[in-house]
Amino acid sequence: MSIADHELSGLLVKVQKLKPLVHNITNVVVTNFTANGLYALGASPVMAYAPEEVADMAKIAGAVVLNIGTLSSEQVEAMIIAGLSANRHGVPVLLDPVGAGATQFRTDSALKILREVKVSLVRGNASEIAHLVGEAREIKGVDVGESGSDAAANIELAIRASQELGTVIVITGKEDIITDGDSYRIISGGDALLTQVTGTGCLLTSVLGAFAAIEDDILQAGTAGLAFYGAAASRAAERTAEVGPGSFQIAFLDELAKLHPHSLKGHAAVKEFVTRKVEEV
Amino acid sequence: MSIADHELSGLLVKVQKLKPLVHNITNVVVTNFTANGLYALGASPVMAYAPEEVADMAKIAGAVVLNIGTLSSEQVEAMIIAGLSANRHGVPVLLDPVGAGATQFRTDSALKILREVKVSLVRGNASEIAHLVGEAREIKGVDVGESGSDAAANIELAIRASQELGTVIVITGKEDIITDGDSYRIISGGDALLTQVTGTGCLLTSVLGAFAAIEDDILQAGTAGLAFYGAAASRAAERTAEVGPGSFQIAFLDELAKLHPHSLKGHAAVKEFVTRKVEEV
Amino acid sequence: MSIADHELSGLLVKVQKLKPLVHNITNVVVTNFTANGLYALGASPVMAYAPEEVADMAKIAGAVVLNIGTLSSEQVEAMIIAGLSANRHGVPVLLDPVGAGATQFRTDSALKILREVKVSLVRGNASEIAHLVGEAREIKGVDVGESGSDAAANIELAIRASQELGTVIVITGKEDIITDGDSYRIISGGDALLTQVTGTGCLLTSVLGAFAAIEDDILQAGTAGLAFYGAAASRAAERTAEVGPGSFQIAFLDELAKLHPHSLKGHAAVKEFVTRKVEEV
């Protein structure tokens, strides 16, 4: 079943109108790009890391996004303080487990956050998500594979992770998967150029935070965020694929700022499925 | 009374010729943009944060810029060490109280710096400056309001803050205000696109640092910095307003590098007033 | 003697094919640009700083790049842990002693790393390298001078530093010098616009890391990295010299992504000399 564009467009309009405050505790590689991407979308980014202030900031935010890309023990503690404050005040928390599996410290830190904080959505690539559920099988590379079997395996992984971790799971790759454990959706769009620019995954998680800030149905919020993000990337790639990743990065920010209710048309598509009944991939 | 362009142009030429070293202790969101903006202007940026070296770096700098955008207790201590070293060696210190009022920790940290270090100039939006002088009235949003009454209120706020804190105050918004408590100036120019790119306020404070490094009259230095910064933004917006904030950010760096003595013409204007006698707004 | 392009081109192809993982412990100003530059080149960047994980990350990397641009005592400790892990696992370590000489803390930290870790290549400007070997004579500015005598002095400095520190030395400036103490090479190319964009030196060191990851002969790897980096800069400058440093930065990332075996032609040249027998400068 396809989800009609107009069901998602209302959420974009809401983000642009309400300009939700997204509190990011993120890595040093992507801070500038994340802030500019959120501004371009129409949201209001804030970065605040000190344990003395993260609870206060999380409390007034529309969403809290935790990203372990250049984590430290102290930062993980601040993330937990921020996350618990968000939990107390009904603010959704999103987690980007960057590099989970690359080192034990990253895997352990991501799991510690998931144990102590109620997380509404986790976004990662297949390898990162697999490591969160202790999956031993080797994941080829860090992106969702192109073969049908890999796609099917990733859907299964996303559903299992969602059920085990009790959170909406997003696995990004050639196509993106989002699931709440009951149903799942496949979002196509985006462009391979996204993989040549650092922080496009991290910014996506923060963009999903902006949508989660204005829509309680996290599955629907995440679906809208994935679709519009992919549409902006697809439009930017049309203009810059021949030029290079530097120009793509700038065009992508421009396109995020130009998103409007009809931007999905021809640039992103969403299909919905009931869990365990894969109708089509 | 209008200030003639040529009174300000000499300061731009001096910055471009002397390439003053601006020592920034700033936030992780804007470091790259701040460094590139200072290079584009013709100044020499340096970022140094370790308590072991900040006094040495501040001593050889032309100006020290302290920015609490992603502060920590340790960083505030380093800022005070750097500020005191600058004070001892006659190097001007500028403060950007990012987010003062958003959390108590930010307000307290900004005030602590102002108590312990002699600061020559503070730049913020109306809300941030209001919180530094304990103003209880709610500030609408974070930018200078558009109505005449808001503009008048912000001028009053700037003058009061300047007199209470004993420093030149800059409040940026739709129009920019600078005052030393005795007279004030209103600088028009700039472009609303500045609010869609992260770090444009932070970079501005560092640019004011570059001008303060080459001119002892901080009111005049600040005026020149504000005017030329606004002119570069206005010129960049002419080229990119239809394209988007990504392209604007890049064009803005290009325009900073192209500034020359006649760049203000048609792109920025400065009016001067005597304190408490608002001739015109 | 000139080194033929085809001797270097094979290394570029190898980088693009093998996509080596380059583990950077670098400064907060240049992290985003470094990651995007490495992606554009075809390598795989990772930033990891926590003492709990740097040994694990260094072990699986193709090269480790240490950059003291915004160092702290804690970060220097992490660099040494990462460096020793790299040493144990045969992974080359590169050092960028940003600002050595500007403060004693930086000089001391760079020397501490050099004492405790086996470093394969150090890249800096003439002033930074001079301070590593305790050279008392004042270096004019931070770039290689333009006069013949400065060029000769810098060659001598590079050779002396290489012999004293037991590592390949790269001194960048108007022309770049690389030496293993036995022979040296002069690479021309690049563009003065590189000095108007922050992090171009830092990214270069990381690019040299990518080449060192796929070629054991560090002199040859470094030569190839310098030549292709200069060629990309030269090509980007052709397109953007009239526009400005903002546009140059983006075009440079685009050109790094377009590098191919014939990119050196007309845009970079390498000459080789035997130590102490300066044939021509």
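In the predicted model, Arg123(A) touches Leu95(A), Asp96(A), Pro97(A), Ile129(A), Val170(A), Thr172(A), Gly201(A), Cys202(A), Leu204(A), Thr205(A) and Leu208(A), residues up to four places away in sequence not being counted, where contact means heavy atoms within 4.5 Å. Arg123(A) lies in strand 5 (residues 121-124) of chain A, strands (E, at least two residues) and helices (H or I, at least four) being DSSP runs numbered from the N terminus. With a relative accessible area of 6%, Arg123(A) is buried, a term that denotes under 20% relative accessible area, as opposed to exposed (over 50%) and partly exposed (in between), with a 1.4 Å probe and protein chains only. The side chains of Arg123(A) and Asp96(A) are joined by a polar contact of 3.0 Å, and those of Arg123(A) and Thr172(A) by one of 2.6 Å; a polar contact is a pair of N or O atoms within 3.5 Å, of which, within protein, one must be able to donate a hydrogen and the other to accept it, residues adjacent in sequence counting only if both atoms are side-chain atoms.

Thr172(A) is located in the loop between strand 6 (168-171) and strand 7 (176-179) of chain A and is likewise buried, its relative accessible area being 11%. The UniProt annotation "binding site", from an unreviewed entry, covers Arg123(A) and Thr172(A); such annotations may be inferred rather than shown by experiment. Although these positions are spread over 50 residues of sequence, they cluster in space, with a largest C-alpha distance of 7.4 Å.

The contact between chain A and chain C takes 26 residues from chain A and 21 residues from chain C. The area buried between these chains is about 1800 Å², of which carbon and sulfur atoms give 58%; buried area is the accessible area (1.4 Å probe) that two parts lose on being put together, summed over both. One salt bridge is counted between chain A and chain C, a side-chain nitrogen of Lys or Arg lying within 4 Å of a carboxyl oxygen of Asp or Glu. Glu53(C) forms a salt bridge with Arg106(A), the closest N and O atoms being 2.7 Å apart. On the side of chain A that touches chain C, helix 5 (104-116) and helix 10 (245-258) are the elements that give two or more residues, and helix 10 gives the most, with five.

Residues are numbered from 1 along each chain as its sequence is written, and chains are lettered from A in the order in which they are written. Local features need pLDDT of at least 70 and side-chain atom pairs count only at pLDDT 80 or more, whereas totals for chains, interfaces and linings use all residues, and side-chain values use heavy atoms, with hydrogens and water left out.
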